[in-house]
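User: Please work through the pockets, aromatic pairs and nonpolar cores of the structure shown below. I would like each answer to end on the value or name requested.

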Amino acid sequence: MSGKNQSWVCEFILIGFSSDPTTNSILFIVFLLIYLSSVLGNGLIIMLVCLDTQLHTPMYFFLCTLSLLDMSFVTTTMPQMLVHLLAHSQIISFASCCMQMFVFGALSITECTFFVVMAYDRYVAICYPLRYTVILNWGLCIRLAAGSWICGFFSSLLHTFFTMSLPYCGPNRVNHYFCEGPSVRSLACMDTHVIEMVDLVLSVLLVVTPISLIVASYIRIAIAILKIKSAEGRCKAISTCASHLTVVTFFYAPASYIYMRPNSSYSPDQDKQISLFYSAFTPLLNPVVYSLRNKDIKRAFLKVMGYGRCASGP
């Protein structure tokens with residue numbers, strides 16, 4: 001209790017999607033399938049890249065890192081949501097909410113910056129194909145990946161600190177299925193205008209800057225593709241970029257809508273649905289997009305399963 005006889009919130013209640021048991025049971029089955037498919041799909045890519053020496057290249061190192069990010073990303077929110085869909089209580093402690101917000105933010109910001117790294121990889125591969133492995137040596141690859149992780153965790157630390165240091169002394173029902181920043185911040189019992197502006201500036205820097213760098217990379221890539229004389233060469237170059245552009249669009253579009261706007265336009269029910277696209281469907285989409293369009297991944301899968309040796313036998 002404070003001096004003004006106010007009780008401070010020590011736990012939150014995550015409202016989720018529905019209070020109807022039948023609806024929650026259906027949602028449980030759907031989201032369980034999505035979660036298992038995401039973990040298995042991304043886990044398979046990590047395993048194939050690690051086991052197949054022919055995939056030990058910068059492109060597949062980055063793809064393996066993206067899969068690790070997606071596995072961690074979806075595991076931050078989905079298991080708890082699945083438990084809450086079947087449990088009678090949807091309570092999460094203040095400390096757990098703070099930790100979930102931090103980890104989710106760290107992974108999402110890391111993925112934001114890491115898409116820039118992957119765009120740079122495609123830029124070097126298409127614009128400087130003969131110097132690809134020289135420019136993107138293993139030392140640079142590791143530094144780029146590590147830099148993305150450091151940027152993500154440091155930025156999320158600021159975001160979480162600003163949000164969770166606000167006084168929460170009134171309602172504790174979060175209209176979301178996990179502790180997302182705007183959802184929790186709307187419960188603060190003080191004017192959040194300053195914090196909101198700081199958060200908006202951080203969001204703009206961490207979303208607009210990566211998008212701008214990605215667009216700049218693909219402008220250079222488009223110019224290089226137009227200089228390729230053969231139609232087959234152009235198609236191959238475009239194909240190598242299509243997967244990356246697909247997952248970037250599905251990730252950035254909903255994330256930009258959620259975080260790059262003032263708190264006054266906050267719409268809980270709509271935000272929950274939009275959040276699913278980048279927190280659940282994007283991790284599911286990534287392995288599908290990259291594996292279906294990638295002959296090297298298919299070949300590595302057949303090799304690991306034993307079919308490759310059979311096909312190359314007498």
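User: How much space lies in the largest pocket?
Analyst: The model is a predicted one. Lining the largest pocket are 25 residues, and those closest to its centre are Met-59, Arg-122, Lys-236, Thr-240 and Asp-296. The space in this pocket comes to about 780 Å³.

User: Which element supplies the largest share of the lining of the largest pocket?
Analyst: Four helices each supply at least two lining residues: H2 (58–86), H3 (94–127), H8 (231–259) and H10 (295–305). By character, the lining divides into twelve nonpolar, seven polar and six charged residues. The largest share is seven residues, and the element that supplies it is H8.

User: Which element gives the largest share of the lining of the second largest pocket?
Analyst: This pocket holds about 280 Å³ of space. Its lining has 18 residues, with Ser-18, Asn-24, His-84, Ala-87 and Gln-90 nearest the centre. Strand S1 (11–14), helix H1 (21–51) and H2 each give two or more residues to that lining. The largest share, four residues, comes from H2.

User: How many charged residues are in the lining of the second largest pocket?
Analyst: The lining residues of the second largest pocket fall into three groups. Ten are nonpolar and seven are polar, while the number of charged residues is one.

User: Are the rings of Phe-17 and Tyr-177 stacked or edge-to-face?
Analyst: The whole structure contains 20 aromatic pairs. In the pair formed by Phe-17 and Tyr-177, the ring centres are 5.1 Å apart and the planes meet at 20°. Planes under 30 degrees apart meet the criterion, so this pair is stacked.

User: How many residues apart in sequence are the parts that Phe-17 and Tyr-177 tie together?
Analyst: Phe-17 belongs to the loop between S1 and H1, whereas Tyr-177 belongs to the loop between strand S3 (173–174) and helix H6 (181–185). Both residues also belong to a cluster linked by ring pairs, which includes Phe-31, Phe-115 and Tyr-252. The Phe-17 and Tyr-177 pair therefore ties together parts whose separation in sequence, in residues, is 160.

User: Is Tyr-177 buried or exposed?
Analyst: Its partner Phe-17 has a relative accessible area of 28% and is partly exposed. For Tyr-177 the relative accessible area is 2%. Buried means under 20%, so Tyr-177 is buried.

User: Which element contributes the largest share of the largest nonpolar core?
Analyst: The largest nonpolar core has 64 residues, and those with the most contacts inside it are Phe-31, Met-78, Phe-114, Phe-115, Ile-214 and Tyr-252. Beyond residues up to four places away in sequence, Met-78 touches Phe-31, Ile-34, Tyr-35 and Ala-280. The core's largest share is 13 residues, contributed by H3.

User: How many residues has the second, separate core?
Analyst: Among the members of this second core are Leu-166, Tyr-168, Val-174 and Ile-195. The core is separate, and its residue count is 15.

User: Is Cys-10 buried or exposed?
Analyst: Cys-10 lies in the segment before S1. Leaving aside neighbours within four places in sequence, Cys-10 is in contact with Ser-93 and Phe-94. Its relative accessible area is 57%. The cut-off for this class is over 50%, so Cys-10 is exposed.

User: How far apart in space are Cys-10 and Phe-277?
Analyst: Cys-10 and Phe-277 are 267 residues apart in sequence. In space, taken C-alpha to C-alpha, their separation is 30 Å.

Methods:
Residues are numbered from 1 along each chain as its sequence is written. This is a predicted model: local features need pLDDT of at least 70, side-chain atom pairs count only at pLDDT 80 or more; totals for chains, interfaces and linings use all residues. Side-chain values use heavy atoms; hydrogens and water are left out. On a 1 Å grid over the protein atoms alone, a cavity is a set of points where a 1.4 Å probe fits but cannot get out, and a pocket is an open set with protein on both sides within 12 Å along at least five of seven lines; lining residues have an atom within 4 Å of a point. Grid points are joined across faces, edges and corners, and a volume is the space filled by probe spheres set on the points. Ala, Val, Leu, Ile, Met, Phe, Trp, Tyr, Cys and Pro count as nonpolar, Asp, Glu, Lys and Arg as charged, and the others, Gly among them, as polar. Rings of Phe, Tyr and Trp (its six-membered ring) pair if their centres lie within 6.5 Å; planes under 30 degrees apart count as stacked, over 60 as edge-to-face and the rest as tilted. Buried means under 20% relative accessible area, exposed over 50%, partly exposed in between (1.4 Å probe, protein chains only). A nonpolar core is a set of buried Ala, Val, Leu, Ile, Met, Phe, Trp, Tyr and Cys residues joined through side-chain atoms within 4.5 Å. Contact means heavy atoms within 4.5 Å.
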